[in-house]
Structures are given as structure tokens and as C-alpha cells.
Amino acid sequence: QVQLVESGGGLVQAGGSLRLSCAASGRTSSSYAMGWFRQAPGKEREFVAAISWNGGNTYFADSVKGRCTISRDNAKNTAYLQMNSLKPEDTAVYYCAADPRVYSSLSYYQRYGMDYWGKGTLVTVSL
């Protein structure tokens with residue numbers, strides 16, 4: 001079992017930046033791929049970004065590519081999502097996720113999701 005706790009959400013003006021953190025606990029969490037998904041009001045949950053267990057590979061949704069970076073510090077069992085140039089349409093609850101499966105491409109997590117989920121942190125971007 002892996003437990004995930006997000007932090008760092010809040011209210012930010014358009015064009016601003018936020019860094020989300022995800023603290024993971026569990027014996028093997030450092031060997032899991034990790035990712036971020038989001039769910040805007042009235043919309044389905046969507047993939048944002050994923051990172052391989054060792055941080056060597058990353059993958060982003062087209063909607064955030066070039067504006068976000070994902071990273072992890074396995075010594076701290078923490079993953080991060082740095083979001084820049086935020087837009088009102090980035091407003092959503094952001095969920096951290098983790099998965100023990102290894103795919104040939106991180107894009108599989110965009111299609112199939114991940115196994116473990118945090119409870120989410122709200123990001124609100126105002127005009």
C-alpha cells in the first residue's frame with residue numbers, strides 16, 4: 001500500500017506559478033512511477049504529467065507541456081509539480097498518483113490511470 005498526501009495548492013493570479021508537492025509513504029513507493037492528474041469542476045479527471053521511478057523519464061499532457069515540470073526526490077519520498085504561466089483553465093483539484101506497473105512509455109498512464117491516489121489539493125487561478 002502507498003499513501004499519498006498533496007500540498008501546495010492555493011489561489012494564484014493568471015501568469016503566476018505554484019509548486020505542488022506529494023509526500024508518499026509505503027515501503028516500495030520509491031520504486032513506483034508517480035504522476036499528477038486534475039479534475040476541473042464539471043469535468044472528468046484528466047492526466048497532467050508522469051515521472052518514472054528514477055526520475056529519468058517524464059511525460060506531459062499537451063495542455064501543460066512547456067509550462068510544467070515534474071520531478072521527484074526519492075530520498076524524501078516526494079514528488080513535485082512545478083506549474084508556471086498558469087491560466088484560469090488550470091483551475092482544478094490536482095491529484096497525486098502512484099503506480100507499480102512499468103510500461104514502455106509513460107503515456108500508458110495517461111490512458112490507463114494509476115493505482116494509488118491522494119485526496120487532492122485545490123488550485124484556483126484567477127484573472
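This is a short talk on the core, the disulfide, one hairpin and the empty spaces of a predicted model.

Some conventions before the content. The model is predicted, so local features are taken only at pLDDT of at least 70 and side-chain atom pairs only at pLDDT 80 or more, while totals for chains, interfaces and linings use all residues. Residues are numbered from 1 along each chain as its sequence is written, and side-chain values use heavy atoms, with hydrogens and water left out.

I start with the core. By nonpolar core I mean a set of buried Ala, Val, Leu, Ile, Met, Phe, Trp, Tyr and Cys residues joined through side-chain atoms within 4.5 Å. Buried is under 20% relative accessible area, exposed is over 50%, and partly exposed is in between, with a 1.4 Å probe and protein chains only. The largest such core has 37 residues, and the ones with the most contacts inside it are Leu4, Met34, Trp36, Leu81, Met83 and Tyr94. Two or more residues each come from strands 3 (18–25), 4 (33–39), 5 (46–51), 7 (68–73), 8 (78–83), 9 (92–99) and 11 (121–126). Strands here are DSSP runs of E, at least two residues long, numbered from the N terminus.

Next, the cysteines. A disulfide is a pair of cysteine sulfur atoms within 2.5 Å, and by this rule there is 1. It joins Cys22 to Cys96, with the sulfurs 2.0 Å apart. Cys22 sits in strand 3 and Cys96 in strand 9, so the bond ties together parts that are 74 residues apart in sequence. The torsion about the S-S bond is about -80°, so this disulfide is left-handed. Cys22 is buried, at 0% relative accessibility, and Cys96 is buried with a relative accessible area of 0%. What about Cys68? Cys68 is in no disulfide, and the nearest cysteine sulfur, that of Cys96, is 14 Å away. Cys68 is also buried, with a relative accessible area of 6%.

Cys68 brings us to strand 7. Which side chains there are buried and which are not? They alternate: Cys68, Ile70 and Arg72 point to one face and are buried, whereas Thr69, Ser71 and Asp73 point to the other and are not. Strand 7 runs antiparallel to strand 8, and 6 bridges join them; the pairing rule is at least two DSSP bridges between two strands. Thr69, for instance, has Gln82 in strand 8 as its bridge partner. The two strands form a hairpin with 4 residues between them.

In that turn, Asn77 has a positive phi of about 50° although it is not a glycine. For context, most residues other than glycine have a negative phi. Asn77 is partly exposed, at 27% relative accessibility. Ser85, in the loop between strand 8 and strand 9, also has a positive phi of about 50° and is not a glycine. Ser85 counts as partly exposed at 42% relative accessibility.

Now the empty space. Both searches use a 1 Å grid over the protein atoms alone: a cavity is a set of points where a 1.4 Å probe fits but cannot get out, a pocket is an open set with protein on both sides within 12 Å along at least five of seven lines, and lining residues have an atom within 4 Å of a point. Points are joined across faces, edges and corners, and a volume is the space filled by probe spheres set on them.

How many cavities of 30 Å³ or more are there? The search of the whole structure finds 1, with a volume of about 30 Å³. Its lining is Ala24, Ser29, Ser30, Met34, Arg72, Asn74, Asn77 and Thr78. Asn77 is thus in the hairpin turn and in the cavity lining. By class, the lining has 2 nonpolar, 5 polar and 1 charged residues.

The largest pocket has a volume of about 180 Å³. It is lined by 16 residues, and the closest to its centre are Ser52, Trp53, Val102, Tyr103 and Leu106. That lining splits into 8 nonpolar, 6 polar and 2 charged residues. In these counts Ala, Val, Leu, Ile, Met, Phe, Trp, Tyr, Cys and Pro are nonpolar, Asp, Glu, Lys and Arg are charged, and the others, Gly among them, are polar.

Last, two exposed positions. Val5, in strand 1 (residues 3–7), is exposed at 55% relative accessibility. Gly66, in the loop between strand 6 (58–60) and strand 7, is exposed with a relative accessible area of 77%.
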